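Student: Could you take me through one part of this protein up close? I'd like to start with a single loop and then see what sits around it.

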Amino acid sequence: FGYQKDLVRRDFTLPIEYRNLSPQWIIEGSKVTEAKVTLSGPEQAFNLLNPATLRLSVDLSGVREGRQEIELTNDMIRAPANISVVSVSPSRIVVTASRLRSAVFPVDVRSEGSLPPGVVLQRIEVQPTHVTVLVPKRFVGTDLQIPTEPVDLRKVNSTATVTARLITPPEVSFEGGKPLSVEVTIRVRPRAAATKGATQAGPLE
């Protein structure tokens, strides 16, 4: 067994890769992103090793609702055949998983800037007024609104319709995974036609 004298150990900090999570699930809160591992093998093997190719892969295909512990094992690391995994730290991580539910929420039109001095805002319309999104259970039944990207009012000299993307919080996603857009109509009239005392509208809250 004299060959074992040629074995050396090296410590590495590896990124944790979370994979195989169904689109119907989400991991809430922060996740552990790195793990420290000790590898053992011949010196020559380490000389040929590109550490950037190493990662620890966590399979999330079997997650269940709520908080749960996942054991980090040696076989989660793909190392060359002549290099073995000695230890992994931490040995366990905690994740909180939530199954996404389909729910309908109103669209909240956001704006920036002020209308030009020659026009007065009549109203802002949006189509559709509500959208269906996927949310964790805790959002169902709440007053959540799905905001648009800011619509610039500074260039609106007459009634206009623009396309605005919807911006979702991190825990909210669209069915099919594709971002949605809505049509925003900004109806204005010349200031000269405004009723007495009307004031220029500023950004919407």
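Tutor: Let's go to Asn20, which lies in the loop between strand 1 (7-19) and strand 2. Keep in mind that this is a predicted model. What's odd about this residue is its backbone: Asn20 has a positive phi of about 60°, even though it is not a glycine. Most residues other than glycine have a negative phi. And is Asn20 buried or exposed? Neither, really: Asn20 counts as partly exposed, because its relative accessible area is 43%, which falls between the 20% and 50% cut-offs.

Now follow the chain out of that loop and into strand 2. Strand 2 covers residues 25-28 and runs antiparallel to strand 7 (residues 92-99), with 4 bridges joining the two. You can pick out one of those pairings by eye: Glu28 has Thr96 as its bridge partner in strand 7. Strand 7 also pairs with strand 5 (residues 66-71), again in the antiparallel sense, this time over 6 bridges. Look for Ile70 there, whose bridge partner in strand 7 is Ile93. If you're wondering what holds such pairs together, strands of a sheet pair through backbone hydrogen bonds.

Just before strand 7 there's another backbone oddity. Pro90 has its place in the loop between strand 6 (84-89) and strand 7, and the peptide bond from Ser89 to Pro90 is cis, with omega near 5°. Most peptide bonds are trans. A second cis bond runs from Gln127 to Pro128, with omega near -5°. Pro128 is in a loop too, the one between strand 10 (119-127) and strand 11.

Strand 11 then takes you to another sheet. This one is open, has 4 strands in the order 12-8-11-15, and shows mixed pairing. Its edge strands are strand 12 (146-147) and strand 15 (173-174), each pairing on one side only. Strand 11 (residues 130-135) runs antiparallel to strand 15, and 2 bridges join them. Val133 is bridged to Phe174 in strand 15.

Okay, zoom out. The protein has 1 helix and 16 strands. Its C-alpha atoms fill a box of roughly 100 × 35 × 25 Å along the principal axes. The radius of gyration is 27 Å, whereas a compact globule of 205 residues would have one near 17 Å. Buried residues make up 35% of the 205 residues. Finally, among contacts with a separation of 6 or more, 75% come from residues 24 or more positions apart.

Key
Residues numbered from 1 in each chain as written. Predicted model: local features only at pLDDT ≥ 70, side-chain atom pairs only at ≥ 80, totals over all residues. Heavy atoms only, no water. Rg over C-alpha atoms; globule rule 2.2 N^0.38 Å. Buried < 20%, exposed > 50% of the residue type's maximum accessible area, 1.4 Å probe, protein only. Contact = heavy atoms within 4.5 Å. Pairing = 2+ DSSP bridges.
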